[in-house]
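Welcome! Please take a moment to look over the sequence and the model shown here, and then read on for a short tour.

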Amino acid sequence: MNLILDLLQQMSVFLVIAYIFTKSPAFRPLTSETMHPRHKVLLYGIFSTFSIMGTYFGLPVQDAIANTRAIGPVLAGIIGGPVLGIATGLTGGIHRYFLGGFTATACGISTTTEGLIGGLVGLALLRAGKAEQRFNPWIALVTILCAEAVQMLIIVLVAKPTPDAIVLVQTIAAPMVLANAAGAALFMSIIRDQRRMYDHFGALFSAKAFELAEKVLEILGPGLDRTTAAQMAHLIHSWTGVGAVAITDREQILAFVGLGEDHHLPGTPIVSPLTQRAIEFNQTVFANGVHEHFHCSLSSKCPLSSALVVPLHIDNDVIGTIKLYEPRSKLFLNINRSLGEGLAALLSEQLVHSRYQEQKSLLTQSELKLAQAQVNPHFLFNALNTIVAVVRNDADQARDLLLHLSRFFRKNLKRASDITTLEEELDHVRSYLYIEEVRFGDRLKVEMAIDPALLLIKLPTFTLQPLIENAIKHGISQLLEHGLVTISAQQHDGGIEISIEDNAGACDQNNEDESDGLGMKIVDKRIKNLYGIAAGVRMEDSI
Amino acid sequence: MIRALIIDDEQHAREELQVLLEASGEFELLPPCANAFDAIKVINQQQPQVLFLDIEMPVVNGFQLLSMIDEERMPQVVFVTAYDEFALKAFEEKTLDYLLKPVETERLQQTIIKLQASLQQGTTPYYEMPLLQRIPCRCVRRIKLIDVDEVESIFSDTSGVHVHTAEGDNFTDLTLKVLERRTSLFRCHKQYLVNLDQLDEILLQEGGTAKIRCHSGQSVPVSRRHLRQLKEQLGL
């Protein structure tokens, strides 16, 4: 009975050390799914130490040692697989062997065997796809119960003289099985809790990840090019702390930030087979640096060894990739892997959206072009006809008309830029109106009342022209005489009102062909784009 | 010499065509008209042989003007337009020709040849016209279009053709014959058309004549000759 209490006491000391271990950076490898060989070595060292410690904490009983040596190898086996289990067991076993006593050989063999048992359980769980169950304390408990039973059997079979061995086993079996089981279960539950804490940390990380995502989307707004790629890469790099971040299109590196940026240069073609694979098959490629390595083909000194390559795609077309790298000295964290994949998915969505926006604006532009083209023939031929007549009597006026006509068309053609000022719009319209005034003679008079303070306000190009043309085509030209077009621009309750008025009376909607309606709609749409939904074109009859 | 009338709402366009037509030496030009209202009057009074007609004109366009002309006195028509090729396509077969502004002398020459050939044949052109929806009327210093539906009756006397509505009398340059053919109004007397939708009652009189009373109380005579048709029309 005393033996049980003593063993449990030793186990408590053991567990305190185990607890401290889980708080140390050495615990880090246990939080990720894949294990670097380096980390396995580390775990080997740690669990071997626990195993040896278990021996030293043991209590001498009848020329043997009642101990908790088995916990190290069994847990190492469950977590790290048979190789790690056997290695740890062997170390603990050999150490025990040199301490001597009539059970030295038996204990050496049994400790190794126990490591193997733990390893087989861990392997079985992994194969069954229940990797997470490896950290279940109950499984550790059951495994070590079996392992200890096997140990007792080995002692009885191997230790000589056998009667002594039987007596020994009778004394130590119960306390050791109990102490080891409790110790292993508690140790495993400490590990599990610690892992859960890391998961909780992961949740906090996700919250911040949203913040990152939002910023990245903001940058991507105008689309993927070298500038936006560089901004995004910098942001992702500084935020995740990964070794390096790269963004590519289908052919070349758009941006590269972090370790190895001296030889991974933006503008150079993609050479990494991982990236080529990601682009070709539209799939995420992950070289974890353990089973699959990233080999830099540019420089043998490149420190990068693991990489995640996630394709960016619009619908099913891959248009580039985002790549995260870690150097040889660091493990590629799961959390960064999910982050990389999530970001790529988000960016792909955004790219679809911005392509849609782009097409929409192209549509508006082509509609505009169409409307511009539709304006011209009627006006042009009537203007030319007027000039043909005027030239007979008044060469100077004919010359003026031609100059205005040329000015009007030049402005029509030239105004590719989207935004202009009221002043320029009026200038454009004046040439048009000069010609129309000559054409209609007494039937058209134009009055302008423009607040000079407004001359520099911004307007989409081609805003006034369609409205004025509309006033002439459907207003003035339907009047037998005394047509008047008034153009005014005034400040108004915090807003600006530009009005174009004709005195032809109610507008006859039936009289308007489709192209005019389209022209008005485009003007309305473009003003709303510039000034927001509250602005726009309003038509009203003053009568 | 061909008696021609230019109808165009733009002064410069009128002048230019005038110069071209005069230069050809083939035309005797009537004073040009700036709108359809003036034109219909001149056409009815002076009977030009050919119209050089602009399509886009205020209130009543070139096509609409044609439907206001008496079929028996229908002149040859040459449309002159800046850019209405699509509208013209529909009309091409029915009109003699069309010219595009600015008019080229060579092109005009072809038109003149066509025109002379047509006039020598001596047939009156016929255009299929839609019904008139509105009747152009002349008031003092202004022009008014009256919906046919609002008209109660129309009558002609020596002073001209009068369009009568509930609001009063208006004077039109359209002939009674054109109005009878191109509107749904019913000829009830040698000098009268009546809108049967405005009819209140028919008072039969001795001698086989009758009087129609309209909504506004106006009385319209029905001649013996037209009473029978009126009864048929009304299904009596």
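The report below looks at one threonine and then at the nonpolar cores.

**A threonine in a loop**

Please keep in mind that this model is predicted. A good place to begin is Thr183(B), which sits in the loop that links helix H6 (176-182) to strand E11 (186-189) of chain B. Is Thr183(B) buried or exposed? With a relative accessible area of 6%, Thr183(B) counts as buried, because buried means under 20%.

The side chain of Thr183(B) has polar partners in the backbone, listed here.

| Backbone atom | Distance to the side chain of Thr183(B) |
|---|---|
| Oxygen of Leu179(B) | 2.5 Å |
| Nitrogen of Leu185(B) | 3.2 Å |

Beyond the neighbours within four places in sequence, Thr183(B) also makes contact with Leu131(B), Leu132(B) and Val148(B).

**The nonpolar cores**

Now let us turn to the largest nonpolar core, which has 40 residues. Which of them touch the most other members? They are Ile7(B), Leu51(B), Leu53(B), Leu66(B) and Ile154(B). Helix H2 (residues 36-46) of chain B gives this core its largest share, with six residues. Both domain 1 (2-121) and domain 2 (136-234) of chain B take part, each supplying at least three residues to this core.

For a closer look, try Ile7(B): leaving out residues up to four places away in sequence, the residues that Ile7(B) touches include Ala39(B), Ile43(B), Leu51(B), Leu53(B), Met57(B) and Leu65(B). Asn35(B) and Asp54(B) are also among them.

There is a second, separate core as well, made of 32 residues, among them Phe14(A), Leu15(A), Phe21(A) and Ala184(A).

Note on methods
Residues are numbered from 1 along each chain as its sequence is written. Chains are lettered from A and ligands numbered from 1 in the order in which they are written. This is a predicted model: local features need pLDDT of at least 70, side-chain atom pairs count only at pLDDT 80 or more; totals for chains, interfaces and linings use all residues. Side-chain values use heavy atoms; hydrogens and water are left out. Helices (H or I, at least four residues) and strands (E, at least two) are DSSP runs, numbered from the N terminus. Buried means under 20% relative accessible area, exposed over 50%, partly exposed in between (1.4 Å probe, protein chains only). A polar contact is a pair of N or O atoms within 3.5 Å; within protein, one must be able to donate a hydrogen and the other to accept it, and residues adjacent in sequence count only if both atoms are side-chain atoms. Contact means heavy atoms within 4.5 Å. A nonpolar core is a set of buried Ala, Val, Leu, Ile, Met, Phe, Trp, Tyr and Cys residues joined through side-chain atoms within 4.5 Å. Domain bounds come from an automatic or database domain assignment.
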